[in-house]
Amino acid sequence: MRAPFGARLAAAVAERGPLCAGIDPHPSLLEQWGLPCDAIGLERFAMTCVEAFAGEVAIVKPQSAFFEAHGSAGVAVLEKLIAAFRGSGTLVLADVKRGDIGSTMAAYAQAYLGEGSPLAADAVTVSPYLGFGSLEPALDLAERTGRGLFVLALTSNKEGPQVQRARSADGVPVAQTMVDEAAARNEGTDPLGSVGLVIGATVGRTELDLSRLNGPILAPGFGAQGAGAADLAKVFGDHRRHVLPASSRDILRHGPGATALRDAALRVRDALAVHAR
Ligand SMILES: O=C(O)c1cc(=O)[nH]c(=O)n1[C@@H]1O[C@H](COP(=O)(O)O)[C@@H](O)[C@H]1O
């Protein structure tokens, strides 16, 4: 039985620093790397990312949409990518943002968190906006298999506040409810719980109380979406030591050479790490 995801992530970050390298094979990046925009190009892109990042960064985040766009051959590449990182010390967060009614959620959980599933990663992104309780099957399976979840709280897109900053009748922002639900799951875990949150680095100051979370915070938005190192303190204040900054395009644009890609990731990591502590 593997150790809980929260503990494995804390160890990976202690060893390799706080960076989640995004693997988003946009068609424009395939073209820029001189690769065909098909499953063969996708596989070359994915395997270059393995060569660049495995054993070098704490965690990678393949964005499923860019693999799904190539149909079953693309999904097969995602499976191959997940398998290639396994055992390298670099964890895999499958960015799938799943969220559905509980009985369907159980099937998604089985796909991404189930023992022996070809798509099972170390953690997945999930959307709680069908109600946090709809995530129960994923929360349950992640706990049983030593895997983790990153629950969307405040996303980096400009449309998010319509839902996420809305307030309930008692005045509590919806996103705070998600924080509190995640905190309840992580209570008593050491060094870190396995139920993380997603809070975009672009969201500016938040009113969120993160003091009881005891879990990791994935912060996408660095680089291509405009967030910079100074946003770590602005958005997360004293909680920034639990933040896992994520960046995709701003690193991937340095390909197709694996060495240049790795160097870019480590540069981004080091620049952010100074502001993360
Ligand atoms: O869950 C995510 O990773 C995520 C949440 C969010 O609020 N904003 C956000 O950009 N993301 C993802 O993070 C990645 C950002 O990519 P870049 O903008 O290229 O760094 C994409 O895969 C997005 O789907």
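The paragraphs below lead through a predicted model, beginning with its annotated domain, then taking up one pair of helices and finally the surroundings of the ligand.

The UniProt record, in an unreviewed entry, lists residues 18–264 as "domain: Orotidine 5'-phosphate decarboxylase". Over residues 18–264 the chain is 40% helix and 17% strand, and the C-alpha atoms at the two ends of this stretch are 14 Å apart.

Within the chain, helix α6, which covers residues 102–113, packs with helix α7, which covers residues 136–145, at an angle of about 30°, and their axes are 7 Å apart. Angles under 35 degrees count as roughly parallel, and α6 and α7 are therefore described as roughly parallel to each other. The crossing in which α6 passes α7 is right-handed. On the α6 side the contact is made by Gly 102, Met 105, Ala 106, Tyr 108, Ala 109 and Leu 113, and these meet Glu 136, Pro 137, Ala 138, Leu 141, Ala 142 and Thr 145 of α7. Sorted by class, the residues in this contact of α6 with α7 are nine nonpolar, two polar and one charged.

The ligand has its own set of neighbours, with 19 residues around it, of which Thr 155, Ser 156, Pro 220, Ser 248 and Arg 249 come nearest. Two or more residues of this shell are given by each of the elements β8 (243–247) and α11 (249–252). By class, the shell around the ligand holds four nonpolar, eleven polar and four charged residues, while the contact of α6 with α7 has nine nonpolar, two polar and one charged.

Conventions
Residues numbered from 1 in each chain as written. Predicted model: local features only at pLDDT ≥ 70, side-chain atom pairs only at ≥ 80, totals over all residues. Axes fitted to C-alpha atoms, helices over the stretch in contact; angles between N-to-C directions. Helix = DSSP H or I, 4+ residues; strand = E, 2+ residues; numbered from the N terminus. Parallel < 35°, antiparallel > 145°, perpendicular 65-115°, else oblique. Left-handed = near helix turned anticlockwise from the far one by under 90°. Contact = placed C-beta atoms within 7 Å. Nonpolar A, V, L, I, M, F, W, Y, C, P; charged D, E, K, R; others polar. Near = placed C-beta within 6 Å. UniProt positions renumbered as here; feature names shortened; annotations may be inferred.
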